[in-house]
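Reader: I would like to learn how to read the features of a model like this one. Where do we start?

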Amino acid sequence: MSEIDQEHFLFVKRFMQFNNIWTVYFDFLSGRYVPSIPAKRAEEITEADTTITTEMGPTLMFLLHAFFFSLIEDSSDGIDAFRIWRGKFPEEIVAISALENEIAPLRADLRIFRNKLGFHGSRSFQQESKGLELFGNHSPAKLMEAMKCFKALSAALLEKDMAQQEKSTERLQKARLRIDSVERRCQSISNM
């Protein structure tokens with residue numbers, strides 16, 4: 001397996017984990033997922049149990065944003081979807097660059113958020129507040145749209161990869177339409 005194919009494989013594994021977190025988070029927000037904590041009868045539920053349940057939303061949201069950054073981390077030893085995609089799909093540079101240009105302004109704040117709140121944690125409220133600046137500098141709608149466009153381009157490129165492996169012209173055409181659609185869609189992120 002070539003180096004780029006190995007990196008792409010590892011990216012896909014991590015992307016699937018991101019999708020699982022995405023699903024749990026949005027199922028939680030919609031009420032389709034109800035945490036089993038507390039798994040007690042109503043008369044046994046304590047105030048601490050209620051706090052655990054109400055903290056589930058922020059916990060999942062923090063995890064989602066931190067995982068998102070882990071897929072676009074532009075360090076030499078991290079998974080950077082854009083670098084991997086350029087190596088795996090050089091003919092898709094226009095779509096890849098269009099999305100990367102929209103996400104690039106988010107990266108620094110996402111890195112601080114990941115480090116201070118998402119995965120590593122902070123030792124003071126001041127350090128923690130630096131991570132929360134992500135939401136002061138970028139609207140939640142913009143962050144969500146960036147993640148949606150990222151998910152869409154990831155899925156379209158995976159579709160293209162599978163179509164190429166199967167030598168399916170029909171599937172390749174569907175992937176082409178999806179890639180072109182994401183390219184147009186991601187231009188709206190900066191207007192948010």
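Author: With the helices, since later turns refer to them: helices are DSSP runs of H or I with at least four residues, numbered from the N terminus. Note also that the model is predicted. Met1 lies in the segment before helix H1 (3-30).

Reader: How many helices and strands are there in the protein?

Author: The protein has eight helices and zero strands. Read from the N terminus, the order of elements is α-α-α-α-α-α-α-α. The C-alpha trace spans about 60 × 40 × 35 Å along its principal axes.

Reader: Does Met1 count as buried or exposed?

Author: The cut-off for exposed is over 50% relative accessible area. Met1 counts as exposed because its relative accessibility is 75%. Together with Phe9 and Leu10, Met1 forms a nonpolar patch on the surface, and the three have about 360 Å² of accessible area together.

Reader: Which residues of helix H4 are buried?

Author: Buried means under 20% relative accessible area. In H4 (residues 81-88), Ala81, Phe82, Ile84 and Trp85 are buried. They cover an arc of only 160° around the axis, so they lie on the same side of H4.

Reader: What covers the buried residues of H4?

Author: The cover includes H1, helix H3 (56-72), helix H5 (93-118) and helix H7 (140-166).

Reader: And for the whole protein, what percentage of residues count as buried?

Author: Of its 192 residues, 39% count as buried. The protein exposes about 10,700 Å², of which carbon and sulfur atoms supply 54%. Among contacts with a separation of 6 or more, 71% are between residues 24 or more positions apart.

Definitions and conventions. Residues are numbered from 1 along each chain as its sequence is written. This is a predicted model: local features need pLDDT of at least 70, side-chain atom pairs count only at pLDDT 80 or more; totals for chains, interfaces and linings use all residues. Side-chain values use heavy atoms; hydrogens and water are left out. Patches are made of residues with over 30% relative accessible area and no salt bridge: like charges are joined within 9 Å, nonpolar side chains (Val, Leu, Ile, Met, Phe, Trp, Tyr) within 5 Å. Accessible areas come from the Shrake-Rupley method with a 1.4 Å probe; for residues, only the protein chains shown count as cover. A salt bridge is a side-chain nitrogen of Lys or Arg within 4 Å of a carboxyl oxygen of Asp or Glu. Helices (H or I, at least four residues) and strands (E, at least two) are DSSP runs, numbered from the N terminus. Buried means under 20% relative accessible area, exposed over 50%, partly exposed in between (1.4 Å probe, protein chains only). The arc is that of the directions from the helix axis to the C-beta atoms. Contact means heavy atoms within 4.5 Å.
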